[in-house]
Amino acid sequence: MRGSCLCGTIEYEVTRLDSPIRHCSCPTCRKAQGTAFSTSARVEMVHFAWVRGSEWLKSFESSPGKRRFFCGLCGSPLIARHEDSNRLMLRVASLDDDPGQVPQSHIWQSLRPPWLVDGPDLKIYPEWDPGHEE
């Protein structure tokens, strides 16, 4: 599977996901991703390779020993990794290819933002909502 950042400067390849995909609603993931939850899967380092643009990677130590890597041009979050680990957390939304699986769990629900709603009352549109203006 291939993946990339929003601007296409950084590309990577993953030969397999080594854990089920999961969502996380902890505040750190929400802030790092700019979303209501992050979606990630573990990948062993032997199953991951930067293909192009790794010199543009930037990182931030979000907790002791854990770095979150993102594109230094467009800011797209790509992976996170603990310094002493042989695996990383892949940001599944950065994949360009279908991983062939769906999320199996959603952790840190106790910290889920109160404004995040799901269910039948949420209007869903196949594209933009009617009357959308930019």
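**Entry 1: the sheet**

I began with the strand order. Seven strands make an open sheet, ordered S6-S7-S8-S9-S4-S3-S10, and the pairing is mixed. The model is predicted, and I read everything below with that in mind. I then checked the edges. They are strand S6 (57–63) and strand S10 (105–107). Each has a single partner strand, so one side of each has no neighbour in the sheet. I also looked up the twist. On average, neighbouring strands are turned by 30° against each other, direction ignored.

**Entry 2: S7, S8 and S9**

Next I walked along the sheet from S7. Strand S7 (residues 66–71) runs antiparallel to S8, and five bridges join the two. I noted one bridge by residue: Phe-69 has Ile-79 in S8 as its partner. S7 and S8 form a hairpin with five residues between them. Gly-75 sits in that turn and has a positive phi of about 85°.

S8 also pairs with S9. That pairing is antiparallel too, over two bridges. Ala-80 has Met-89 in S9 as its bridge partner. These two strands form a hairpin with four residues between them.

I stopped at the loop between S8 and S9, where Asp-84 is placed. Is Asp-84 buried or exposed? Asp-84 has a relative accessible area of 74%, which means that it counts as exposed. I also took a distance from Asp-84 to Lys-66, which is 18 residues away along the chain. Their C-alpha atoms are separated by 9.1 Å.

**Entry 3: S4 and its partners**

I moved on to S4. On one pairing, S4 runs antiparallel to S9 and is joined to S9 by five bridges. Ala-41 has Leu-90 in S9 as its bridge partner. On another, strand S3 (residues 22–24) runs antiparallel to S4, with three bridges. There Arg-22 stands opposite Ser-40.

How many of the seven residues of S4 are buried? I found five, so S4 is largely enclosed by the rest of the structure.

**Entry 4: the nonpolar core**

I looked up the largest nonpolar core, which has 17 residues. The members touching the most other members are Tyr-12, Val-14, Leu-17, Val-43, Phe-48, Leu-78 and Leu-90. Which strands supply at least two residues each? My list reads S2, strand S4 (38–44), strand S8 (77–82) and strand S9 (87–91). As background, nonpolar side chains tend to be buried together in soluble globular proteins.

I picked Leu-90 for a closer look and left aside its neighbours within four places in sequence. Its contacts include Tyr-12, Val-14 and Leu-17. They also include Thr-39, Ser-40, Ala-41 and Val-43. Phe-48, Leu-78, Ile-79 and Leu-95 complete the list. Ala-41 is thus noted twice: as a contact of Leu-90 and as its bridge partner.

**Entry 5: aromatic pairs**

I counted the ring pairs. The structure holds three aromatic pairs. One of them is Tyr-12 with Trp-50. Their centres lie 6.2 Å apart, with 90° between the planes, and the pair is edge-to-face. Tyr-12 lies in strand S2 (residues 11–14) and Trp-50 in strand S5 (residues 48–52), so the pair ties together parts that are 38 residues apart in sequence.

I compared burial for these rings. Tyr-12 is buried, with a relative accessible area of 0%. Trp-50 comes out at 29%, which makes it partly exposed. A further pair is Phe-48 with Trp-50. Here the centres are 4.8 Å apart and the planes stand at 90°, so this pair is edge-to-face. Phe-48 has 10% relative accessibility and counts as buried.

Which residues do the ring pairs link into a cluster? I have Tyr-12, Phe-48 and Trp-50. Tyr-12 and Phe-48 are also on my list of core members from Entry 4.

**Entry 6: the annotation**

Last, I checked the record. UniProt carries the annotation "domain: CENP-V/GFA" over residues 1–109, in an unreviewed entry. Over that stretch the chain is 6% helix and 45% strand. The C-alpha atoms at its ends are 29 Å apart.

Terms used. Residues numbered from 1 in each chain as written. Predicted model: local features only at pLDDT ≥ 70, side-chain atom pairs only at ≥ 80, totals over all residues. Heavy atoms only, no water. Phe/Tyr/Trp six-rings, centres within 6.5 Å; stacked < 30°, edge-to-face > 60°. Buried < 20%, exposed > 50% of the residue type's maximum accessible area, 1.4 Å probe, protein only. UniProt positions renumbered as here; feature names shortened; annotations may be inferred. Core = buried A, V, L, I, M, F, W, Y, C linked by side-chain atoms within 4.5 Å. Contact = heavy atoms within 4.5 Å. Pairing = 2+ DSSP bridges. Axes fitted to C-alpha atoms, helices over the stretch in contact; angles between N-to-C directions.
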